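Colleague: I am new to this structure. Could you walk me through how to read it, feature by feature?

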Amino acid sequence: MKKALVILTAILTAAACSSKKPVTDVNTLPKDVALKPVREAESEDEVLLQERENIRVMRASIDSLRDSHTCSGAGDWRISPLGSKPCGGPAAYIAYNKEVESEILPRIQEFTRRQAAYNSRRNLFSDCKVEPQPTGIKCESGKPVLIFSDDSQSLNAD
């Protein structure tokens with residue numbers, strides 16, 4: 001009886017270990033782990049990281065163009081909404097010199113569009129607080145400062 005149990009166990013073990021689908025072509029297997037297909041989630045993360053970096057670079061470009069002019073008179077400056085909150089509406093407001101208007105407005109629009117798309121793809125959320133719209137601009141130390149209706153909220157022009 002003991003012999004029969006050992007033989008049965010050996011047969012079952014051998015049957016369990018045998019492959020049902022033999023490898024017929026070794027050349028179809030990846031030769032290197034680096035060659036394995038990228039999982040969709042990994043690929044998506046890389047795309048989103050690259051998009052976030054592109055958005056950061058675009059914002060730096062907008063800020064650089066804004067900072068290329070010294071604020072000496074508020075009449076030379078305009079205000080634009082900038083960016084997109086996940087709940088909708090602008091993330092901030094920015095002052096820019098009217099001399100760069102034709103160059104900066106397309107950048108601001110593209111930045112806002114890309115930020116909205118990024119927020120949507122990442123399913124981001126925010127406080128949904130509506131950003132107050134500035135009522136004017138003043139110059140302080142050569143930089144534009146946004147003025148809000150209750151003058152206590154004056155902020156550097158983002």
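**Disulfides, confidence, charges and cores**

Modeller: Start with the cysteines. Counting bonded cysteines along the chain, the disulfides of the protein chain follow the pattern 1-4, 2-3. Keep in mind that this is a predicted model.

Colleague: How many disulfides does the count come to?

Modeller: The count comes to 2 disulfides. One joins Cys-71 to Cys-139, with an S to S distance of 1.8 Å. The link of Cys-71 and Cys-139 is left-handed, with -60° about the S-S bond. Cys-71 lies in the loop between H2 and E1, and Cys-139 lies in strand E3, so the pair ties together parts that are 68 residues apart in sequence.

Colleague: Are Cys-71 and Cys-139 buried or partly exposed?

Modeller: Take each end in turn. Cys-71 is buried, at a relative accessible area of 5%. Cys-139 is partly exposed, at 27%.

Colleague: Which residue is joined to Cys-87 by a disulfide?

Modeller: Cys-128 is the partner, with S to S at 1.7 Å. Cys-87 is in the loop between E1 and E2, while Cys-128 is in the loop between H3 and E3, so this pair ties together parts 41 residues apart in sequence. Cys-87 is partly exposed, with a relative accessible area of 41%. Cys-128 is also partly exposed, at 43%.

Colleague: Before we go on, where is confidence lowest and where is it highest in the protein chain?

Modeller: Read pLDDT for that. The lowest is in strand E5 (residues 155-156), at a mean of 56. The highest is in strand E1 (residues 77-82), at 97. The mean pLDDT of the protein chain is 80, and 68% of its residues reach 70 or more. Over residues 29-36, pLDDT stays under 50. For those residues, the model has 1 contact beyond four places in sequence.

Colleague: Now the charges. How many salt bridges does the count come to?

Modeller: The count is 10 salt bridges. Look at Lys-85, which forms one with Asp-127; their closest N and O atoms are 2.8 Å apart. Lys-85 lies in the loop between E1 and strand E2 (92-97), and Asp-127 in the loop between helix H3 (101-121) and strand E3 (136-140), so the pair ties together parts that are 42 residues apart in sequence.

Colleague: Which loops does that remind me of?

Modeller: The disulfide of Cys-87 and Cys-128 also has one end in the loop between E1 and E2 and the other in the loop between H3 and E3. As for accessibility, Lys-85 counts as buried at 10%, whereas Asp-127 counts as exposed at 55%.

Colleague: What other salt bridges should I look at?

Modeller: Try Glu-140 with Lys-138, where the closest N and O atoms are 3.4 Å apart. Glu-140 is partly exposed, at 40%. Lys-138 is partly exposed too, at 26%. Elsewhere, salt bridges that share partners join Arg-59, Asp-63, Arg-66 and Asp-67 into one network. Within it, Asp-67 bridges to Arg-66, and the closest N and O atoms are 2.8 Å apart. Asp-67 counts as partly exposed at 46% relative accessibility. Arg-66 is buried, with a relative accessible area of 10%.

Colleague: What is the nearest side chain of opposite charge to Glu-51?

Modeller: Arg-114, 4.2 Å away. A salt bridge needs a nitrogen and a carboxyl oxygen within 4 Å. Glu-51 is buried yet has no salt bridge. Glu-51 sits in helix H2 (residues 40-67). Leaving out residues up to four places away in sequence, Glu-51 touches Arg-114, Tyr-118 and Arg-121.

Colleague: Last topic: the nonpolar side chains. What is the general idea?

Modeller: In soluble globular proteins, nonpolar side chains tend to be buried together. Here, the largest nonpolar core has 13 residues. Ile-62, Leu-82, Ile-94, Ile-104, Ile-108 and Phe-111 touch the most other members.

Colleague: Which element gives the most to this core?

Modeller: H2 does, with 5 residues. H2, E2 and H3 each supply at least two. Phe-111 is a good one to inspect. Not counting residues up to four places away in sequence, Phe-111 touches Ile-55, Met-58, Arg-59, Ile-62, Leu-82 and Gly-83.

Colleague: How many residues are in the second, separate core?

Modeller: That core has 7 residues, including Cys-71, Ala-95, Ile-137 and Phe-148. Cys-71 brings us back to the start: Cys-71 is joined to Cys-139 by a disulfide.

Conventions:
Residues numbered from 1 in each chain as written. Heavy atoms only, no water. pLDDT = per-residue confidence, 0-100. Helix = DSSP H or I, 4+ residues; strand = E, 2+ residues; numbered from the N terminus. Contact = heavy atoms within 4.5 Å. Buried < 20%, exposed > 50% of the residue type's maximum accessible area, 1.4 Å probe, protein only. Lys, Arg positive; Asp, Glu negative; His and termini not counted. Core = buried A, V, L, I, M, F, W, Y, C linked by side-chain atoms within 4.5 Å. Disulfide = S-S within 2.5 Å.
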